[in-house]
Every structure is written in structure tokens, then in C-alpha cells.
Amino acid sequence: MIANDSTIKVAIIGAGAAGCFCAANLSRMLQQCNITIYERARRPMAKLAITGGGRCNLTNTFEEITSLSQAYPRGWRLMERLFRQFSPSDTRKWWEDAGVPLVVQPDQCIFPRSQDAMQVVNTLLQIMREANAKILTSTKIEVLPQGFDYIVITTGGNPRIESLSYLSELDLELEPPVPSLFALNVNDSHLQELTGIVVDDCLVSIAGTKFLAQGPLLITHFGMSGPAILRLSSYAARYLAEKDYSVKLIVNWMQGLNEEQVRQELKEYLQSTKQTGNHHPRHLTARHWNYLLKRACISIDKPWNALNKKDVNRLVNVLTADTYLSEGRRQYKAEFVTCGGVSLRSINPNTLALKSHPNIYLAGELLDVDSITGGFNLQAAWTMGYVVAKNIAESQSI
Ligand SMILES: Cc1cc2nc3c(=O)[nH]c(=O)nc-3n(C[C@H](O)[C@H](O)[C@H](O)COP(=O)(O)OP(=O)(O)OC[C@H]3O[C@@H](n4cnc5c(N)ncnc54)[C@H](O)[C@@H]3O)c2cc1C
């Protein structure tokens, strides 16, 4: 595979976020570098152009992340290691320096100030153009190209295992790919009547497992969505696939308070002569509260001080451990990522080179790394793309 002149020849397969970021950085790090990018679609970075609803949530402050495993259910150890080479703050500086000012939202997600994903795409295209990188679109790679010093594979995620067949010659270990980041169907017509209600802080879990996630929950015409459910779908992606998305969901509508804490909260209410339907915890809307009372078999006309012990027990149970049957999944907007892909056991975790083929590098969602929503997936693509570029450049200077 070694080229016989002094120019280093690099093939990048997949002109997505990781591949193009790798190309842009490599072209700056290695003057004598000839980069060819193969892309099966008609345009490079077509997905990047629609990320974040066209606004591109390109990273996150990570301020609300206490352990990387919260953000990256798969691959957090690898990301921890790679962030030492190119961290989220390096990423922010990189984009600002490249002429893309950023803004931080109150939820810690970071976007271009222009709110336009095309600015991100065009910035990478410009850098690659200046470096004379060749992008061959409408070119699907089925067999790895020959005649290059290095090959970088960045073909992204795909929940169909057949999509990885072009890698068979490399004899890699694969983790079966399954979808992540989705909403769940719950066939409960009374719940669905509450479509559009967002409960700000819920704790959702899957019965009989340790999977749980906290955050806003959105009730939809098909069941449940919102950050808490998407996070749960990410943490439990493989388990949910194994169960064919049919599991018992347990919802704590009281910000994760336990039974005892909720009993304390209700103490004051229980002394009131007001009707249960009219007097309720403020974070729940009247419509939602009445629905929960119905689930606890309590009439909305009943005064609080007339509730007996069994009523209170049922109410506490509904508020802290309301159980639903999930019966399938729904795509969240157009967004999804893949859990699984090439096993991290196949790569050198410092360089992302294949252990079996040191001149072939892998980066991005193709690897068994994926995250919850919030800019973490693109952060992984930037970091891995950069690390590959840096390690190719460094291997040349040895
Ligand atoms: C609608 C949507 C919105 C999203 N929004 C966000 C967001 O706001 N923030 C965030 O962090 N993450 C977001 N994500 C996830 C994020 O886009 C991905 O995690 C990220 O793009 C992965 O980068 P990648 O380079 O690994 O793969 P990709 O960006 O998917 O790039 C892979 C490229 O390889 C090409 N390719 C595949 N196979 C071949 C082949 N055999 N030959 C040649 N080319 C090939 C593909 O056509 C593609 O262009 C979103 C995902 C979707 C679907």
C-alpha cells in the first residue's frame, strides 16, 4: 500500500462529519498530503446539513455530565481517553477559529451562532478545497481501494449488519448494530388524550432492569417521547431490541422522589378540605393530574381530607411507579443513531488504527460508540476525526 513518491496518499471512505473533519485537519497537519474522499451519496455531509433540525447541535458544554458514561452509554472509556487529544473545549476553539462563532443554549447544547448547519458544512468544504482534497461523490466503496499509504474508514452508523459486509476482508469483530434514540409506543387511549403535555422532570425506568433516565417527558399521540425517553432508549438500546421494544415502563411523575418523600409532600394536602381535582402539585397540569387521580381510582370531587389509607397508597404508587406497556418504537423526528458497529476491541484506543492493519484507521459512528442527544454524537465524530489526522501526521514525522 505504500506510495512511491514523497507525497502521502490518504483515502477516506465516507464524507460525513468524522471523515471531512479528519480530511480538514490532516490537510493542515501534513503539507505533502494527497487526500481522496469516497462518498456514496451525491453530496458530501448530507446528514450533517440536517443535524439539529438544520441548526447543527455540534457539541455540548458537558457541564451537566458528571460521568462520561451518562453521555456515551457505549464507548465512554474510549472517549475519555481521546478527549485528552482533542477535547470538547478544543472543539469549540477549533470552530471559533475557523470562523464559526458558537452559542450555548440554557440546556448546554452548543450551536453555530448563525443557527445554520450549512455554515459548518461549508467551512469544512472550504478547508478541503484549499487543500485540493478530492471528493468523489456517488461512489460507494464495496472493496477497499488500493494504492494508498493510509485508509480512513468513516462510513457512519447503520442498523443493518449487511452494511458492514465491505469490511469482511479485514476480519473485524462486530457488535450487532441496533437503533438508538427513539420514542416508545404506549397504547393507552387515556394517556394519548394528553398529547402535547410535557412533564418537566420525570424518572423513567424499565421494570426488572437497572435502566433509568431522568428529564422532561413528552406525551404524544402514540405514547411517550422527550429527553427522558430518548435517553432511556439510548441506555437500553440493545436490551429493548432484544425484547422487541415490548417492556414494562415505570414512570415516576414526581421528579424522582421516592415513596416516602412523596408521602411527606402529600401531608399538607391531606389536611385540606379542597377537592383533590382542584388542588395538586404545581409541576403537574390540571388535566394530567386528573388523569393520574383516575388511574389511582380517586374521584376528582373527593376532598383531600376524605382520602383513606388505601386511596393514599394507590395515589403514591401512581405518582412514583406508574406502569405502562411499551409496544414498539418510533423514530424521533428524523434523528437516530446506531448502537453497535465495529467492536472497540479491534482498534488501538490511542490512535484508532486497526490492530490487525496499522495503516487503516476507523472513526465516527461506524465504531461501537454512540451517545444521548445534545451534541455528543457530533463531538465524538470531531474528536475521532482529529485523532486519526493527528496520528497519521505523527506517524510521518517519526
Ligand atoms: C437527522 C439527524 C439529526 C442529527 N442531529 C444531531 C445533532 O444535532 N447533534 C449531534 O451530535 N448528532 C446528531 N445526529 C447524529 C450525528 O449526525 C451522527 O452521529 C454523525 O453524523 C456521525 O458522523 P460519521 O461521520 O460517523 O457518520 P456520517 O455523518 O453518517 O457519515 C458517514 C458517510 O459515509 C457515507 N458512506 C457510508 N457507506 C459508504 C460506502 N460504502 N462508500 C462510500 N461512502 C459511504 C455516508 O453516505 C455518509 O455520508 C443526528 C443524526 C440524524 C440522522
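This is a chat about a predicted model of a protein with a ligand.

Student: Okay, I'm new to this one. How many helices and strands are there in the protein?

Tutor: The protein has twelve helices and 16 strands. Keep in mind that the model is predicted.

Student: And what box do the C-alpha atoms fill?

Tutor: Taken along the principal axes, the box is roughly 90 × 40 × 35 Å.

Student: What percentage of the residues is buried?

Tutor: Buried residues account for 41% of the 398 in the protein.

Student: Let's go to the ligand. How many residues surround it, and which are the closest?

Tutor: There are 36 residues around the ligand, and the closest are Gly-14, Gly-16, Gly-52, Gly-156 and Gly-364.

Student: Which elements give two or more residues to that shell?

Tutor: Those are α1, residues 17-29, and α12, residues 376-397. The largest share comes from α12, with four residues.

Student: How do the shell residues divide into nonpolar, polar and charged?

Tutor: The shell around the ligand has 18 nonpolar residues, twelve polar ones and six charged ones.

Student: Switching to strands. What order do the strands of the closed barrel run in?

Tutor: The barrel has six strands, in the order β9-β12-β11-β10-β13-β14, and the pairing is antiparallel. From one strand to the next, the twist averages 50°.

Student: What holds strands of a sheet together, anyway?

Tutor: In general, strands of a sheet pair through backbone hydrogen bonds, and the pairing is either parallel or antiparallel.

Student: Let's walk round the barrel then. Which strands does β9 have bridges to?

Tutor: One is β14, residues 322-331, which is joined to β9 by four bridges and runs antiparallel to it. Within that pairing, Val-186 has Ser-326 of β14 as its bridge partner. Another is β12, residues 223-225, joined to β9 by two bridges, again antiparallel. There, Leu-184 is partnered with Met-224 of β12.

Student: Why is β9 described as largely enclosed?

Tutor: Strand β9 covers residues 182-186, and four of its five residues are buried, so the rest of the structure largely encloses it.

Student: Next stop, β12 and β11. How many bridges do they share?

Tutor: They pair over two bridges, in the antiparallel sense. Ile-219 stands opposite Met-224 in β12. β11 and β12 also form a hairpin, with three residues between them.

Student: What about β10 and β11, how many residues lie between them in their hairpin?

Tutor: Five, and Gly-208 in the turn has a positive phi of about 80°. β10 is residues 198-206 and β11 is residues 212-219, and the two are antiparallel with six bridges. Val-198, for one, stands opposite Leu-218 in β11.

Student: And how many bridges between β13 and β14?

Tutor: Six, with β13 (residues 246-252) antiparallel to β14. On that side, Val-251 stands opposite Asp-322 in β14.

Student: Now helices. At what angle do α9 and α11 cross?

Tutor: The axes of α9, residues 259-270, and α11, residues 309-320, cross at roughly 120° and come within 10 Å. The two helices are therefore oblique to each other.

Student: Is that crossing left-handed or right-handed?

Tutor: α9 passes α11 in a right-handed crossing.

Student: You mentioned α1 around the ligand. What angle does it make with α5?

Tutor: Roughly 40°, with the axes of α1 and α5 (residues 117-130) coming within 9 Å. That makes α1 oblique to α5. The crossing of α1 and α5 is left-handed.

Student: A couple of single residues before I go. Where is Asn-57 found?

Tutor: Asn-57 sits in the loop between β2, residues 33-38, and β3, residues 59-60.

Student: Buried or exposed?

Tutor: Asn-57 counts as buried, because it has 23 C-beta neighbours inside 10 Å and the cut-off for buried is 20 or more. Asn-57 and Gln-105 are 48 residues apart along the chain, and their C-alpha atoms are separated by 9.9 Å.

Student: And where does Ser-69 lie?

Tutor: Ser-69 is in helix α2, residues 68-71. With 15 C-beta neighbours inside 10 Å, Ser-69 counts as partly exposed.

Student: How far is Ser-69 from Phe-182?

Tutor: C-alpha to C-alpha, Ser-69 and Phe-182 are 19 Å apart in space, and 113 residues apart in sequence.

Conventions: Residues numbered from 1 in each chain as written. Predicted model: local features only at pLDDT ≥ 70, side-chain atom pairs only at ≥ 80, totals over all residues. Near = placed C-beta within 6 Å. Nonpolar A, V, L, I, M, F, W, Y, C, P; charged D, E, K, R; others polar. Buried ≥ 20, exposed ≤ 12 C-beta atoms within 10 Å, placed from the backbone. Pairing = 2+ DSSP bridges. Axes fitted to C-alpha atoms, helices over the stretch in contact; angles between N-to-C directions. Parallel < 35°, antiparallel > 145°, perpendicular 65-115°, else oblique. Left-handed = near helix turned anticlockwise from the far one by under 90°.
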